[in-house]
Structures are given as structure tokens and as C-alpha cells.
Amino acid sequence: THSAVIAARLEKASRIIAAVALMIGSAVLVSWIFRLPGLSTIHPLLGGMGGHASVGFVLAGSSLLLLRHPVTLARRAAANACALLIVLMTLLSLGQWGDLTLGGMLPGRMPTASAEVFLSFGLALLLIDVSVRRWRPAEFFAFVAALIALFALVAYTFGAVSIFTSVNPRPLAFHSVLLMVAFAFAILTARPRAGLMSLVTSESAAGLLVRRMLPAVVGIPVVVGWLAIEAQRAGVVAPFLTVPYYAVAIIVVFAMMTWQIAGSLHRLDMQRRKAQKQVQQLN
């Protein structure tokens with residue numbers, strides 16, 4: 001069915017993101033251990049991925065790959081061990097307990113925002129198959145991680161990614177933030193037939209609505225806001241008009257989307273009514 005196809009594609013995307021996180025984390029970790037320049041930074045203005053973040057991505061990517069279906073007892077134990085190491089590392093960093101430099105190979109500590117994201121990842125991976133009265137704690141922690149990473153991504157988009165100005169680097173690397181957002185999505189899509197994700201894969205009108213609206217709700221305000229800021233920097237728009245223009249642009253874009261989605265739902269409803277009528281005639 002169409003629902004099964006969507007679920008299979010989401011599971012595949014989850015595995016691909018987990019593998020990418022593992023590979024990028026491994027490459028950056030090697031660069032920190034052997035002092036190889038260039039592997040942790042894609043551009044001077046966009047920051048460099050820290051050594052502790054690379055360890056977090058290696059552990060998180062490994063854990064999620066081990067949790068792919070079908071999950072054996074040995075693989076679950078190994079995945080939980082990786083997740084527990086993430087939780088331990090982030091708690092030690094947040095509490096400023098102990099030496100996390102691994103003999104001087106990894107400098108400093110994780111930024112607070114980065115530690116909070118990885119703590120959420122670790123807890124989500126530990127609880128990925130736990131359900132309490134249809135509520136899945138893993139989804140909650142994945143959303144928390146996505147929200148924190150999204151704040152950093154929006155800060156980059158509005159501040160550091162600019163055509164007209166050069167801005168100081170942020171404490172979190174741009175590719176680290178992107179990978180955090182993607183990995184939160186990977187945790188959500190690792191179990192596409194359970195919890196809130198079952199609605200995304202549904203063949204119902206609600207499933208269609210979520211699949212069409214959710215990416216737009218996340219992406220369009222960020223893109224339109226960046227364009228508004230760039231117009232202000234270029235002198236096209238006065239600073240006091242940036243917010244009004246942004247509001248009008250959001251209204252126009254979402255109004256167009258609403259009409260388009262309403263048309264799709266109307267066609268689905270007409271097809272359903274036609275099918276019902278045909279069944280009644282046959283009866």
C-alpha cells in the first residue's frame with residue numbers, strides 16, 4: 001500500500017542519516033586525535049565541529065543503526081550501551097564533573113546547547129521502543145533536540161549566512177547544527193508506524209495534510225525571514241518595515257498553500273464519495 005511505501009522510505013532515510021552521522025563524526029574525531037586540519041571545518045565563518053560532538057555523533061549514529069528492524073537482543077544491548085555513553089558524557093559536561101579531554105585529545109567541554117541536544121538524543125535512543133498509553137517518550141526527546149538545534153540553525157540563517165555581510169563565527173558549527181536537525185528527524189522516522197509518525201504515513205486526509213504542511217511550517221518562515229533580513233541589509237527595505245513585510249509574505253505564502261492543499265483534500269473527498277456511490281449502486 002501507499003502507507004507501507006512511505007513508511008519504508010522513512011525508515012531508509014533514517015538509516016542513511018544515521019550512517020552519515022557516523023561517518024562525519026568518525027572523520028572529525030580522527031581530525032582531532034591526529035591534528036588533521038580541514039576535516040572539522042567547512043568554512044571559517046561557519047565554525048568547526050568539536051571533538052565531543054564528533055564522539056556524540058559516532059555513538060548516536062551507531063546506536064540508531066543497531067536499532068534498525070529486526071532488533072536482536074545483542075544489537076539492542078550494544079545500542080543501549082552507546083546511548084548510555086552519550087547520556088553519561090553530556091551529564092558530566094553539563095555538571096562540569098571530571099576530565100572529558102581524553103588525555104588532551106579533545107579540547108574543552110561541549111557547549112551547553114550541544115550537550116542538551118545529545119542528552120535528548122541519548123534518552124530518545126534508550127526509549128525508542130517504549131510506549132506509555134500511546135505516548136512515546138522518544139518522540140518527545142527527539143522534538144526537544146530538534147527545537148534546540150532549530151534555534152541555532154535560525155540564528156545561523158539570520159546571522160552568519162549572508163550575501164552582504166561577514167559575521168563572527170558561532171560557537172556551534174553550522175554543519176553540526178544541520179546534522180543535529182537531521183538526526184532528530186532520523187530518530188522520529190526510525191519507527192514510522194508508531195506514535196505520531198503513524199499519522200504521517202497514514203493514507204487518510206489527515207496524513208496528506210501533515211505531509212504537505214509540516215515541511216512548509218518548518219522551512220518557509222526561516223527562508224522568508226532570511227530573505228527579509230537580506231533585503232534590509234541590501235537597503236531595499238527600511239529596518240522598521242522588515243517585520244511588516246515578513247508578516248505579509250508569510251500570509252501570502254501560507255494562503256497559497258492552504259488553497260493548494262484544500263484542493264487536494266477536495267479531490268480526495270470527491271473520489272471517496274464517487275467510490276461510495278458506486279458501491280451503493282452495486283449493492
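**A walk through an all-helix chain**

Let's start in a loop: Pro70 sits between H2 and helix H3, which covers 73-95. The peptide bond that joins His69 to Pro70 is cis, with omega at about -10 degrees. That's worth a pause, since most peptide bonds are trans. Keep in mind as you look around that this is a predicted model.

Step back from that loop into helix H2, which takes in residues 51-66, and you'll find Ser63. Is Ser63 buried or exposed? Its relative accessibility is 0%, and because buried means under 20%, Ser63 counts as buried. What does Ser63 touch, once its neighbours within four places in sequence are set aside? The contacts are Ala79, Cys82, Ala83 and Leu125.

Now zoom out to the whole protein chain. Its secondary structure comes to nine helices and zero strands, so a read along the sequence gives α-α-α-α-α-α-α-α-α. The chain has 283 residues, and 39% of them count as buried. As for how the chain meets itself, take the contacts between residues at least 6 apart in sequence: 71% of these join residues at least 24 apart.

Next, head for the C-terminal part of the numbering and pick out H9, which spans residues 242-282. H9 is 41 residues long, and from its first C-alpha to its last it reaches 60 Å. At 1.5 Å a residue you'd expect 60 Å, and H9 comes close to that. Which residues of H9 are buried? They are Thr242, Ile250, Phe254, Met257, Ile261 and Ser264. Part of the cover over these buried residues comes from H8.

That brings us to how H8 and H9 fit together. Two packed helices are described by the angle between their axes and the distance between the axes. For H8 (residues 205-233) and H9, the angle is about 160 degrees and the axes are 10 Å apart. Anything over 145 degrees counts as roughly antiparallel, which means that H8 is roughly antiparallel to H9. The two helices make a right-handed crossing. And what sort of residues make up the contact of H8 with H9? There are 20 nonpolar residues, along with five polar and one charged.

If you'd like to retrace the route on the structure, go from the cis bond between His69 and Pro70 to buried Ser63, then over to H9 and the buried residues that H8 helps to cover.

Methods: Residues numbered from 1 in each chain as written. Predicted model: local features only at pLDDT ≥ 70, side-chain atom pairs only at ≥ 80, totals over all residues. Heavy atoms only, no water. Axes fitted to C-alpha atoms, helices over the stretch in contact; angles between N-to-C directions. Helix = DSSP H or I, 4+ residues; strand = E, 2+ residues; numbered from the N terminus. Parallel < 35°, antiparallel > 145°, perpendicular 65-115°, else oblique. Left-handed = near helix turned anticlockwise from the far one by under 90°. Nonpolar A, V, L, I, M, F, W, Y, C, P; charged D, E, K, R; others polar. Expected span 1.5 Å × (residues − 1). Buried < 20%, exposed > 50% of the residue type's maximum accessible area, 1.4 Å probe, protein only. Contact = heavy atoms within 4.5 Å.
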